[in-house]
Amino acid sequence: MTTTHTVRTYKSSEPLAAPKQLAGKLAALAAEQDRPLDDAAVDMVINRVIDNAAVATASLGRAPVVSARGQAENHPYTPGATVFGLAPSQRVSPEWAAWANGVAVRELDYHDTFLAADYSHPGDNIPPILAVAQHVGATGEQLLKGLLTGYEIQIDLVKAICLHEHKIDHVAHLGPSAAAGIGTLLRLPAETIFQAIGQALHTTTATRQSRKGEISTWKAHAPAFAGKMAVEAVDRALRGQTSPSPIYEGEDGFIAWLLSGPSARYEVPLPDSGEPLTGILDSYTKEHSAEYQAQAWIDLARRLGTERPELRDPANIAKIVLHTSHHTHYVIGSGANDPQKYDPTASRETLDHSIPYIVAVALQDGRWHHVDSYAPERAGRPDTVELWHTITTVEDAEWTRRYHSLDLAEKAFGGRIEIELTDGSTVVDEIAVADAHPLGARPFGRAEYENKLRTLADGVLADEEVDRFLTLAARLPELTPDELTGLTVTPIEPVPAAPKGLF
């Protein structure tokens with residue numbers, strides 16, 4: 001069972017005890033150690049550990065990952081935690097492992113997602129919680145419970161509290177969830193987790209400019225920073241340090257000044273005491289390396305281009321209009337009013353947030369590749385640029401409603417495509433969810449997660465290394481502390497050296 005908790009601003013003259021604050025309720029959830037485990041949720045945690053390793057492997061040589069890893073290498077620590085790309089024996093301080101691995105996991109925008117009132121990549125919880133687990137010598141069962149908490153809290157916050165309408169980056173929900181997950185992992189009392197959650201929220205709230213206009217490499221660093229701050233917040237809380245309170249409900253707090261103001265009410269659903277944590281089952285991964293709202297459109301576009309090859313030639317196209325949700329139109333569509341979304345020289349980070357570009361390339365190529373589809377020569381191809389500039393988006397109220405629906409049977413992230421050809425004919429089609437979605441044409445299961453790792457590891461990891469990792473991950477609930485250090489990957493060739501910084 002789930003209970004919905006009303007969260008509002010309280011005046012300073014209205015004392016609100018910690019257990020009654022949202023941070024206190026999240027802490028109580030995280031502190032409860034004897035919840036039953038749901039088999040499907042446990043299985044999905046294993047899938048997502050595999051998924052994170054897959055996308056991290058594919059990004060080991062990319063500049064932001066090289067940079068973050070270089071910073072981590074300069075903070076060696078014993079016992080410490082492992083870093084993707086380095087030997088398991090090369091351990092670093094856990095907050096820096098969370099940083100480096102967080103950047104590796106997010107760099108290609110290719111891991112799991114949950115979208116509701118706001119949006120999130122709940123797999124971002126894995127790097128900081130795993131780093132602390134390795135550092136303290138936790139068991140696989142402890143790690144499992146910590147990850148279930150991290151997923152649960154981030155997803156429940158995303159269901160209830162919209163950040164992007166206030167131009168706040170979505171990692172503001174990640175700091176508290178990762179801190180809570182670490183609290184569960186360490187079996188901390190609710191009072192300590194409460195302080196860590198407050199500090200994590202306070203230090204990880206930032207603007208959405210990191211996802212606007214010419215999108216920079218910080219897009220990959222933002223969740224890693226939140227994970228790093230969560231580790232540090234737990235460390236401070238363990239040392240007896242306190243946090244601003246009430247962090248959500250205070251008169252000068254998060255709701256009053258950063259969200260919808262003192263009169264706002266938020267309804268946050270949380271599982272009752274004694275219930276298993278199954279929030280992870282509401283999330284879904286990506287088959288394609290692009291913003292999640294682009295997943296279904298890629299599937300539709302590559303199918304249309306294969307069935308109707310004439311649609312690939314811009315000479316045949318008068319215009320293409322994508323009727324879609326508010327979020328897709330205003331964040332990755334023409335409604336963003338970002339000229340960079342139509343610029344063939346734009347950064348990869350910008351292109352993976354441009355649905356007009358993504359649809360044009362998927363339509364022409366009939367495929368999507370995490371490297372080739374973003375190559376400068378691919379983006380600059382004249383016929384692609386011409387087709388790309390015929391594509392616009394509009395918001396459709398029904399697709400917006402379905403996007404925000406909490407009924408997973410009707411929740412949708414696609415829309416309707418209307419193609420007007422130069423001969424006057426039209427092509428109309430639609431798609432609700434990506435093929436890989438649990439309700440899609442080809443839902444991802446364990447075999448698909450394993451294949452994703454094998455595909456992205458091709459030429460990067462030895463087959464034996466892939467087999468080792470998959471065998472270990474499958475046993476996650478029973479792993480010993482020594483075995484837990486093996487949840488990393490070591491490539492065939494040494495990773496690139498990092499540029500010099502301060503450290």
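Which residues does UniProt list for "domain: MmgE/PrpD N-terminal"? The span to select is residues 24-265, which UniProt gives under that name in an unreviewed entry. What is on the screen is a predicted model, and the tour below goes through it one selection at a time.

**The two annotated spans**

With residues 24-265 selected, the secondary structure comes to 57% helix and 5% strand, and the C-alpha atoms at the two ends of the span lie 17 Å apart. Next, select residues 288-475, which the UniProt annotation "domain: MmgE/PrpD C-terminal", also from an unreviewed entry, covers. Here the end C-alpha atoms lie 27 Å apart, and the span is 41% helix and 14% strand.

**The nonpolar core**

Select Tyr 248 and Leu 487 now, since these are the residues with the most contacts inside the largest nonpolar core, a set of 153 residues. Helix 2, which runs through residues 39-58, gives the most to this core, with 12 residues. In soluble globular proteins, nonpolar side chains tend to be buried together.

To see the surroundings of Tyr 248, leave aside its neighbours within four places in sequence and display the residues in contact with it, among them Leu 22, Ala 23 and Leu 26, then Leu 157, Pro 176 and Leu 201. The list also takes in Gly 253, Phe 254 and Ile 255.

**A helix that is mostly covered**

Move on to helix 5, residues 126-136, where 9 of the 11 residues are buried. The buried residues of helix 5 include Ile 126, Pro 127 and Pro 128, followed by Ile 129, Leu 130 and Ala 131, and also Val 132, Ala 133 and Gln 134. Just after this helix, Gly 137 takes a positive phi of about 75°.

**The largest pocket**

Select Tyr 110, Glu 287, Asn 451, Lys 452 and Thr 455, which lie nearest the centre of the largest pocket, out of the 16 residues that line it. The space in this pocket is about 320 Å³. Helix 18, residues 446-457, provides the largest share of the lining, with 5 residues. By type, the lining of the pocket divides into 5 nonpolar, 5 polar and 6 charged residues.

**The largest cavity**

A search of the whole structure finds 5 cavities of 30 Å³ or more, and the largest cavity holds about 100 Å³ of space. To find the largest cavity, select its lining residues, including Leu 29, Ala 30, Glu 32, Gln 33, Arg 35, Pro 36 and Leu 37, and then add Lys 145, Leu 148, Thr 149, Thr 184 and Leu 277. Helix 1 (22-31) and helix 6 (140-160) are the elements that give two or more residues to this lining, and helix 6 has the largest share, with 3 residues. The lining of the largest cavity divides into 6 nonpolar, 3 polar and 3 charged residues.

**Ala 18, ahead of helix 1**

Select Ala 18, in the loop between strand 1 (2-8) and helix 1. Is Ala 18 buried, partly exposed or exposed? Ala 18 counts as partly exposed because its relative accessibility is 29%, which falls between the limits of 20% for buried and 50% for exposed. Apart from its neighbours within four places in sequence, Ala 18 is in contact with Gly 24 and Phe 194. A distance can be drawn from Ala 18 to Asp 235, 217 residues away along the chain, and the two C-alpha atoms are separated by 20 Å.

**Backbone details**

Most residues other than glycine have a negative phi, and most peptide bonds are trans. The last stops depart from these habits.

Select Thr 78 and Pro 79 and look at the peptide bond from the one to the other, which is cis, with omega near 5°; Pro 79 lies in strand 2, residues 76-81. Another cis peptide bond joins Ser 245 and Pro 246, with omega about -5°, and Pro 246 is found in the loop between helix 9 (218-238) and helix 10 (254-258).

Arg 187, although not a glycine, has a positive phi of about 60°, and its place is the loop between helix 7 (174-186) and helix 8 (190-203). With a relative accessible area of 54%, Arg 187 is exposed. Finish at Asn 337, where phi is near 55°, again a positive value in a residue other than glycine. Asn 337 sits in the loop between helix 12 (326-332) and helix 13 (348-351), and it counts as exposed at 66% relative accessibility.

Note on methods. Residues numbered from 1 in each chain as written. Predicted model: local features only at pLDDT ≥ 70, side-chain atom pairs only at ≥ 80, totals over all residues. Heavy atoms only, no water. Core = buried A, V, L, I, M, F, W, Y, C linked by side-chain atoms within 4.5 Å. Buried < 20%, exposed > 50% of the residue type's maximum accessible area, 1.4 Å probe, protein only. Helix = DSSP H or I, 4+ residues; strand = E, 2+ residues; numbered from the N terminus. Contact = heavy atoms within 4.5 Å. UniProt positions renumbered as here; feature names shortened; annotations may be inferred. 1 Å grid on protein atoms, 1.4 Å probe; cavity = no way out; pocket = protein on both sides within 12 Å on 5 of 7 lines; lining within 4 Å. Points joined across faces, edges and corners; volume = space filled by probe spheres on them. Nonpolar A, V, L, I, M, F, W, Y, C, P; charged D, E, K, R; others polar.
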